[in-house]
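Biologist: I would like to learn how to read a model like this one. Could we go through it together, feature by feature?

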There are 2 protein chains.
Amino acid sequence: MILTVTLNAALDVTYGVDALRPRTSHRVGTTHRRAGGKGVNVARVLAARGYGATVTGLVGGPTGALLRDDLRTVANLHDELVTVSGTSRQTVTVVSRDDGDATVFNERGPHVAPREWRTFTDRFASLVRDVPVVALCGSLPPGLPSDAYARLVRIAARAGALTVLDTGGPPLLAALDAGPDVVKPNAAELAAATGCEDVVVAARRLRALGARAVVASSGPDGLHALTPDGGWRAAPPERLAGNPTGAGDACVAALAAGLADGRRWPDVLREAVALSAAAVPCPVAGDFDAATRRRIRPAVSVEVLHAPHPH
Amino acid sequence: MILTVTLNAALDVTYGVDALRPRTSHRVGTTHRRAGGKGVNVARVLAARGYGATVTGLVGGPTGALLRDDLRTVANLHDELVTVSGTSRQTVTVVSRDDGDATVFNERGPHVAPREWRTFTDRFASLVRDVPVVALCGSLPPGLPSDAYARLVRIAARAGALTVLDTGGPPLLAALDAGPDVVKPNAAELAAATGCEDVVVAARRLRALGARAVVASSGPDGLHALTPDGGWRAAPPERLAGNPTGAGDACVAALAAGLADGRRWPDVLREAVALSAAAVPCPVAGDFDAATRRRIRPAVSVEVLHAPHPH
């Protein structure tokens, strides 16, 4: 069982339109609603890979109720979300049939009161006792302290659980001090957090600030991993066409599963690249194509990273 | 008390963004949710003008519950909506802060079962007995017969209530045979329904097909009215900048109020033009600016229409 945390869980709404034309009115063809937020997507991927996954985080209001209804339909997935008085956010993704392109609108999320946050940390402390790994994913809703992830990482560490953190901006920087086992920024988040465009140099900075391992994703160029056991670059054998939004969540799922199984880094990274690539052909985050994963996995290149000399 | 019907009631969601950029992800600044659908907007305008308004129509699901919550906050407005098993649609309007322009996404609405439609027509038959005028507004949700408005017009006529119908396409054409007292197409709906670009000629065709009076709106160019008592063109003295989406609903409110009060057509049209114009400065449909209405009303031009000879 792996625990995933989604503090700003969302109801992901997808609208199919013929073409997106700004300043006009659109008749929406197909409408899909499903539970989302990065941690929920990570749990979906884990559940589909046969790992039991427990979802926790914060939900509320009518959108929260719809989100929970949807989670009930997913096998191997256990709902331990904590209810807040605000209303969970909705994301709206408009997909154009003419070019397949997606335009996304992300609401901010409900305001979370201090007592709601305390209720959550108590529940988290209880849940984390029973799991080897916890994945902490996504943005923070309004009202939470910016060091929210730092607190959760410390609680997890005290309970003996390993942590994988996927967030950006101030919540990422504030969490490093707590020593997360793996942080998984994408290249843009890494550059924004460090002010440094060189992935390896930037990743080394995050380790210097407290992260034990850094796995940086660079889209179709694959992953750079700097860990206590060495550095690697892992890349897929080909570029896949599709929707890259779920690739990061699939990567986090592979990292969490690899930590839970106690596998070695090259093996973990091979799976992470294959699972990320297998998410790209799927229209929504949280899904992956099993055949693509099987085809890509043996062809993933993993090379030892000879990092430049520290600045 | 005036009854308004919204068969495809909606939760209108408005997102404020800095600028709409297709194929990118947007952080939504402000989010507003309110009860919508044309009949609901008409009732809001009536209620604000001091007419008691009863809202009926079909609602369901979590969006339906939010919609009803919002209606409770409106003074002079009475909720007689009928619950269906499906989920009410949502509309999403994205407003760009840079230019104020709006881009709209309209969901289709819930599928309505035949027994739900029968339940509604029974309730409608009961409600319409107590009102002098009923306004029937907007699109039909999936599952309803295309002659849904024809049936409601006949039920209203049997109860002695006058009908104002604001819809387009097949539901408009199918309703004419039942003899609605007023139909209010806009210029585009009128042209689509008749295949004729000339407003007066097209309006005469709708009368020939059964409508007792036709009031055609041409945006800032005002209204053309063809009625059993004569024809008129009514126009505002100036063009107003803003959001024209609520002007049609304000016009319907003025027509319904005028019928209820038994006023003469030139007076009704003057009010309809003024109230439509007063809706334009407001960011959301269902609102109007009282000062603009007062300023415009005395300056509305109403001229007798000398229609061309019938074809």
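**Cysteines, symmetry and contacts**

Modeller: Gladly! Taking a disulfide as a pair of cysteine sulfur atoms within 2.5 Å, the count over all chains is zero. This is a predicted model, in which local features need pLDDT of at least 70, side-chain atom pairs count only at pLDDT 80 or more, and totals for chains, interfaces and linings use all residues. Residues are numbered from 1 along each chain as its sequence is written, chains are lettered from A and ligands numbered from 1 in the order in which they are written, and side-chain values use heavy atoms, with hydrogens and water left out.

Biologist: Why is Cys137(A) without a bond to the closest cysteine sulfur?

Modeller: In general, a disulfide is a covalent bond between the sulfur atoms of two cysteines. The closest cysteine sulfur to that of Cys137(A) belongs to Cys251(A), 11 Å away, which is too far for a bond. Cys196(B) is in no disulfide either, with the nearest cysteine sulfur, that of Cys251(B), 20 Å away.

Biologist: Is Cys137(A) buried or exposed?

Modeller: Buried means under 20% relative accessible area, exposed over 50%, and partly exposed in between (1.4 Å probe, protein chains only). Cys137(A) has 2% and is buried; Cys196(B), at 11%, counts as buried too.

Biologist: How are chain A and chain B related?

Modeller: Two copies of a chain are related by a rotation about an axis and a shift along it. Here a turn of 179° and a shift of 0.0 Å along the axis lay chain A on chain B with an RMSD of 0.1 Å, superposed by least squares on the C-alpha atoms of residues with pLDDT of at least 70 in both. The two copies are therefore related as by a two-fold rotation axis. Contact means heavy atoms within 4.5 Å, and 100% of the contact residues of chain A recur in chain B, the same surface serving both copies.

Biologist: What area do chain A and chain B bury between them?

Modeller: Buried area is the accessible area (1.4 Å probe) that two parts lose on being put together, summed over both. For this pair it is about 2300 Å², 57% of it on carbon and sulfur atoms. Arg23(A), Phe105(A) and Glu107(A) supply 24% of the area that chain A buries against chain B, more than any other three residues.

Biologist: How many salt bridges are there between chain A and chain B?

Modeller: A salt bridge is a side-chain nitrogen of Lys or Arg within 4 Å of a carboxyl oxygen of Asp or Glu. The count is four between chain A and chain B. Glu107(A) forms a salt bridge with Arg33(B), at 2.7 Å from N to O.
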